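These are my notebook entries on a protein model. I set down what I looked up, one topic at a time.

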Amino acid sequence: MKHTKVKDLLNSTTMLHEVNAKGWVRTFRNNQFIALNDGSTINNIQCVVDFENTPEETLKRVTTGAAVSVTGTLVESKGAGQKYEIQVSKLEILGDSDAEKFPMQPKKHSLEFLRENAHLRVRTNAFGAIMRIRSVLSFAVHQYFQEKGFVYVNTPIITGSDAEGAGEMFKVTALPFDGTPRTEDGKVDYKKDFFGKETNLTVSGQLEGETFAMALGQIYTFGPTFRAENSNTSRHLAEFWMIEPEVAFNDLNDNMDLAEDFIQYVIKFVLEKCPEDLKFLEGRLLEEEKSKPQADRSEMALLEKLNFVLENNFKRVSYTEAIEILRNCTPNKKKKFSYIIDEWGADLQSEHERYLVEKHFKCPVILFDYPANIKAFYMRLNEDGKTVRAMDILFPGIGEIVGGSQREERYDVLVEKMKALGIHEEELWWYLDTRRFGSAVHSGFGLGFERLVLFVTGMTNIRDVIPFPRTPMNAEF
């Protein structure tokens, strides 16, 4: 008999028919009631065992984590909080789980403990909900861009260029660590390496994406990116996923419109598709907040925060205006900020971004026209010669969630900026070709997918929204 998903059983419109369900035991009470979950929904289905006519040896094997198959009749449940249950006529143990050793016992575990058991944590309600939401968000990303006529481009993971210019990249090499070939001046001879040059794992697909936008009009990438930044914080991963659209003929205002519309679309999509998972995560967040001092608690519940983004237009504010607001605000004057804002040109920190969103404007904020010296070389220089057509989108509770810009389409200006930063023309000759042959105004942005999942799920540590986090000193699983 073919088994039916728990989600479909709970949503069934007919009763009193024989069904089969397969899944994992969450709890087993009184030798009679199995709470069965198969991952299709956060909800369990109760399976009522006829323990008097079930062998004792079989009942002993019904433990938390065991895989079982139950066959029986779907009936209206007599218990509170559930519509249907299965009156079991046949119980089969598919895979045993040693109750003494299985780490995911039906009790509250710390998030740190769950990270140490990332291969099993998805069997908990919270991580099942997070990963289903992550999946739905991923689908929404593709659906949005496909509906808008964007072309999906797979940019390379192995690259010879550093798109951000930060140098925090993982090297890719096939050279031996013992007896590495050297040049006459003692440097590593990368000409003898696999690719004949120095290569790294990509930090962004943007530069390659731009070349495709200048032929296909509007493209997007959605793939893994890597940063060798030795930062052991709740906001950083060494391996993460990036969404990067690039659009020919779009200026900065078009870019801001696209980013705002995109974010609101995917959040609305997940609100419609994952109501039960979001409701559960909202309750989890409320419980977590109770242990925090009042001043550190979020002013909004999870669903309220998501609707806040949908219902408010994003406020557009220049960097210069934002600096004035921050310089004159009470936390800055009373030195409550960890990083005091003294002058124009400061690189804004998360505390400043959150102040602008949560305290001052009380809506999502798009900052634009940043100082050129704190932004990447490819951003278009403004006529004032000191700012670039950059934009960052700031969200409540998280700070920056999107970074983007109008790209520098002028060949001469781009070459000058590269020279000033010590980036060799021959290294990016192919990128410069897009400015030599049919250059035009174009723009794009990058959205760290895990930052988006973090915001939507209400989690506070980015390691909890990716299946297997890669961080400094940790590449387990």
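**Entry 1: strand β16 and its partners.** I looked up Ser-405 and found that its bridge partner in β16 is Gly-444. The model I am reading is a predicted one. I then noted that β15 and β16 run antiparallel and are joined by 5 bridges. I also followed β16 to β11, and this pair is antiparallel over 5 bridges. Here I recorded that Ala-248 stands opposite His-442 of β16.

Is β16 enclosed or open? I found that 7 of the 7 residues of β16 are buried, so the strand is largely enclosed by the rest of the structure. I sorted its side chains by direction: His-442, Gly-444, Gly-446 and Gly-448 point one way, while Ser-443, Phe-445 and Leu-447 point the other way. I noted that the residues of both groups are buried.

**Entry 2: the whole sheet.** In what order do the strands of the open sheet stand? I wrote down 8 strands in the order β6-β10-β11-β16-β15-β14-β13-β12, with mixed pairing. I marked β6 and β12 as the edges; each has a single partner strand, so one side of each is left without a neighbour in the sheet. I then checked β14 against β15 and found an antiparallel pair over 6 bridges. Within this pair, Ile-393 has Val-402 of β15 as its bridge partner.

**Entry 3: helices across the sheet.** I looked up which helices lie across these strands. Helix α4, residues 125-147, lies across β6, β10 and β11, and I noted an angle of about 150° to β10. Helix α5, residues 206-216, lies across β6, β10, β11 and β16, running at about 30° to β11.

**Entry 4: helix α14.** I turned to residues 449-457, which form α14, and found 9 of its 9 residues buried. Among them I listed Phe-449, Glu-450, Arg-451 and Phe-455. After the helix comes Gly-458, and I recorded a positive phi near 80° for this residue.

**Entry 5: positive phi outside glycine.** I reminded myself that most residues other than glycine have a negative phi. I therefore noted Phe-249, which is not a glycine and yet has a positive phi of about 75°. I placed Phe-249 in the loop between β11 and α6. Is Phe-249 buried or exposed? Its relative accessibility is 63%, and the cut-off for exposed is over 50%, so I entered Phe-249 as exposed. I added Lys-362, also not a glycine, with a positive phi of about 55°. I found Lys-362 in the loop between α11 and β13.

**Entry 6: a nonpolar patch.** Which residues form a nonpolar patch on the surface? I listed Ile-157, Ile-158, Phe-194 and Phe-195, with about 410 Å² of accessible area together. I located Ile-157 in the loop between β6 and β7. With 38% relative accessibility, Ile-157 counts as partly exposed.

**Entry 7: Pro-103.** I found Pro-103 in the loop between β5 and α3. Its relative accessible area is 22%, so I entered Pro-103 as partly exposed. What does Pro-103 contact, leaving aside its neighbours within four places in sequence? I listed His-109, Phe-113, Asn-117 and Leu-120. For Phe-113, I noted a separation from Pro-103 of 10 residues in sequence and 9.3 Å in space, C-alpha to C-alpha.

Key:
Residues are numbered from 1 along each chain as its sequence is written. This is a predicted model: local features need pLDDT of at least 70, side-chain atom pairs count only at pLDDT 80 or more; totals for chains, interfaces and linings use all residues. Side-chain values use heavy atoms; hydrogens and water are left out. Buried means under 20% relative accessible area, exposed over 50%, partly exposed in between (1.4 Å probe, protein chains only). Helices (H or I, at least four residues) and strands (E, at least two) are DSSP runs, numbered from the N terminus. Patches are made of residues with over 30% relative accessible area and no salt bridge: like charges are joined within 9 Å, nonpolar side chains (Val, Leu, Ile, Met, Phe, Trp, Tyr) within 5 Å. Accessible areas come from the Shrake-Rupley method with a 1.4 Å probe; for residues, only the protein chains shown count as cover. A salt bridge is a side-chain nitrogen of Lys or Arg within 4 Å of a carboxyl oxygen of Asp or Glu. Two strands pair if DSSP finds at least two bridges between them. Contact means heavy atoms within 4.5 Å. Axes are lines fitted to C-alpha atoms, for helices over the stretch in contact, and angles run from 0 to 180 degrees between N-to-C directions.
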